[in-house]
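Student: Could we work through this model together, one question at a time, with the reasoning set out before each answer?

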Amino acid sequence: MNSYKIPFETAGLYGKMFLDYLNGKEALTSLYKYKPTLDSFDQIISDRKHFSTEQRILLVNSLKEQYQNIEGAPMAQIELLQQENTFTIVTGHQLNIFTGPLFFIYKIAAAIHLANKLKEKHPEYNFVPVYWMATEDHDFEEIASFQLGKRKYTWEHPQTGGPVGRLNLDGINDILERIKDMPSLFVDAYRKHETLTEATRYYVNALFGEYGLVCIDADSPALKTPFKEVMKKEIFDQKGVRQVEKANHIIEELGYKTQIHARDINLFYMEDTERLRLESVGDKIQTVGGDYQWTKEEMLSLIENHPEKLSPNVVLRPILQEILLPNLAYLGGPAEVIYWLQLKGVFDMYDVNFPMVLPRGFNLILNQQFAERWKKTGWDLSELLQPVRKIEEKVLEDNTSVVTDIDEQVNEMNKLYEQLMMKAKAISPNLEKHILAEQIRTQKRLEHTHKKLRKEGKRKLRTDIERITCIRECLLPNNAPQERVENLMEYWPKQPDLIPELIKELDPLSFNLNVLVEE
């Protein structure tokens, strides 16, 4: 496949705050620590050299336990994490079944690309790409469906409500049986494992393990242990919310929209089938609704003896991640980048290093059928991403056989009224208003006629317009980026080199939308 780069600004698919951050807008500098540039990693590496040996040992032992039943586990990469010259590059995502939308794959490919790039610049260090598994999320509906071949497949599970990573795989066999030529890695993932976490770790390792990727599941007593002090402060001091509110004020004053809002307590209480938000009521800590309640002493005991029963929300999850990992950068989508920028004050308050925040990989694939059509149009790929209305206008402007421009006629009309105005003034000044009103009335009629001409012109050129818009539909199905709609199985079985090609092309420091065009 051939690769084409479209700058984010040209693509027209990304929000203003996201672009302003990447372009280094001065007003946003208080919301992050490191500029998103390759040179900034020199400072980040220096700052993260203080990551403790004790924490590295805990991390390595936990990862070994998580991978103990995975054949072909990346044990060499895991062992590297015990060395003080090893750092991580992280991306995170929900446990979407069968990989979910394509951008999940692009996130990981970009993290691997950056780890490789840093190794080239700093051969004296090791860089491990990490997929943070969102095992504690409880929004089952967000992970239970995917689209393949214009058809939606949904996992019907008899028991939902708790952390999705702990779900057993009841009901998912129905999907395996409905899809013809199901890749064996998914069959093995869902039929040979007990939980969604285990199945996801298996297929992610099968896809990316050879490129050095390590998956981490923070839903464990051991990995929650270093988070105890943060949990205590969050529950009893409740200062995090004010830090987020300060950032939100800055963002909103600049005219941007925020992505998240903090609560007084940004933690959940978690059991296998429940994940319930915590709140403070009087002298008690309780779950919303009051089904579970604790005194201060009881809550301190819970944190000390069972930290795995508390789960961070979107505000504190990044804090836990950076406590557990010797991390340099986090890769996320536009909304993720913005909400990370809302959190720097929380990081500072808990004395946790704030990493570089980078955009994930962005990619579209133009299959061979539409690639051939595109090449015949002579259009730039970026022009295909325009709104349909602009495409219609361009087709009309480019077509010389259908002329809808009436500037010449408007100029002639204005000259005619100038002559009439001169005659009217010579006869009586009272006629001036009448002539001017008639001119305005005629201009409005001409504008109406111009619109009718363009409408009929577009109708006459409907075939030419549809020739372009059908290519656009391949890249932006139903006006959504392809990467948010389609699934890996749409392309990967026919393009076995797709993943290494994505790793090669998706540089999170390039700030480009990548388009792969099938030959």
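Student: What percentage of the 519 residues of the protein count as buried?
Tutor: The model is a predicted one, and its chain is folded into 24 helices and 15 strands. Its C-alpha trace spans about 100 × 55 × 50 Å along the principal axes. Of the 519 residues of the protein, the share that counts as buried is 54%.

Student: Among the contacts with a separation of 6 or more, what share comes from residues 24 or more positions apart?
Tutor: The contacts considered here are those in the protein with a sequence separation of 6 or more. Within that set, the pairs that lie 24 or more positions apart account for 75%.

Student: Which helix gives the largest share of the largest nonpolar core?
Tutor: In soluble globular proteins, nonpolar side chains tend to be buried together. The largest nonpolar core here has 161 residues, and those with the most contacts inside it include Phe-41, Trp-155, Tyr-190 and Leu-366. The largest share of this core amounts to twelve residues, and the helix that supplies them is H6.

Student: How many residues are in the other core that lies apart from it?
Tutor: This other core is separate from the one just described, and Met-413, Tyr-417, Ala-424 and Ile-435 are among its members. Its residue count is five.

Student: Are H9 and H10 roughly parallel or roughly antiparallel?
Tutor: Two packed helices are described by the angle between their axes and the distance between the axes. For H9, residues 184-191, and H10, the axes come within 8 Å and cross at roughly 155°. Because an angle over 145 degrees counts as roughly antiparallel, H9 is, relative to H10, roughly antiparallel.

Student: How many residues of the contact of H9 with H10 are charged?
Tutor: On the H9 side the contact is made by Leu-185, Phe-186, Asp-188, Ala-189 and Tyr-190, and on the H10 side by Leu-196, Ala-199, Tyr-202, Tyr-203, Ala-206 and Leu-207. Tyr-190 also touches residues beyond H10, including Asn-96, Phe-98 and Leu-169. By class, the contact of H9 with H10 has ten nonpolar residues and no polar ones, and the number of charged residues is one.

Student: What is the handedness of the crossing of H12 and H14?
Tutor: The axes of H12, residues 228-236, and H14, residues 296-305, come within 10 Å and cross at roughly 155°, which makes H12 roughly antiparallel to H14. The handedness of this crossing is right-handed.

Student: How many charged residues does the contact of H12 with H14 have?
Tutor: From H12 the contact takes Lys-228, Met-231, Lys-232, Ile-235 and Phe-236, which meet Lys-296, Met-299, Leu-300, Ile-303 and Glu-304 in H14. Six of the residues in this contact are nonpolar and none is polar, and the number that are charged is four.

Student: Does Glu-234 count as buried or exposed?
Tutor: Glu-234 lies in helix H12. Not counting residues up to four places away in sequence, Glu-234 touches Gly-240, Arg-263, Asp-264, Ile-265, Asn-266, Leu-267, Leu-316 and Tyr-350. Its relative accessibility is 0%, and so Glu-234 counts as buried.

Student: And does Glu-156 count as buried or exposed?
Tutor: Glu-156 is placed in the loop between strand E5 (151-154) and helix H8 (173-178). Leaving aside neighbours within four places in sequence, Glu-156 is in contact with Asp-170 and Gly-171. With a relative accessibility of 60%, Glu-156 counts as exposed.

Student: What is the phi of Thr-99 near?
Tutor: Most residues other than glycine have a negative phi. Thr-99, found in the loop between strand E2 (86-93) and H6, is buried with a relative accessible area of 0%. Its phi is positive although the residue is not glycine, with a value near 75°.

Student: Is Asn-479, which has a positive phi of about 70°, buried or exposed?
Tutor: Asn-479 lies in the loop between helix H23 (462-475) and H24. With a relative accessible area of 54%, Asn-479 is exposed.

Student: How many of the eight residues of helix H24 are buried?
Tutor: The buried residues of H24 are Leu-498, Ile-499, Glu-501, Leu-502, Ile-503 and Glu-505. They pack against strands E1, E14 and E15 and helices H6 and H10. Helix H24 is therefore largely enclosed by the rest of the structure, the number of its eight residues that are buried being six.

Note on methods. Residues are numbered from 1 along each chain as its sequence is written. This is a predicted model: local features need pLDDT of at least 70, side-chain atom pairs count only at pLDDT 80 or more; totals for chains, interfaces and linings use all residues. Side-chain values use heavy atoms; hydrogens and water are left out. Buried means under 20% relative accessible area, exposed over 50%, partly exposed in between (1.4 Å probe, protein chains only). Helices (H or I, at least four residues) and strands (E, at least two) are DSSP runs, numbered from the N terminus. Contact means heavy atoms within 4.5 Å. A nonpolar core is a set of buried Ala, Val, Leu, Ile, Met, Phe, Trp, Tyr and Cys residues joined through side-chain atoms within 4.5 Å. Axes are lines fitted to C-alpha atoms, for helices over the stretch in contact, and angles run from 0 to 180 degrees between N-to-C directions. Angles under 35 degrees count as roughly parallel, over 145 as roughly antiparallel, 65 to 115 as roughly perpendicular and the rest as oblique. Ala, Val, Leu, Ile, Met, Phe, Trp, Tyr, Cys and Pro count as nonpolar, Asp, Glu, Lys and Arg as charged, and the others, Gly among them, as polar. A crossing is left-handed if the near helix is turned anticlockwise from the far one by less than a right angle, and right-handed if clockwise.
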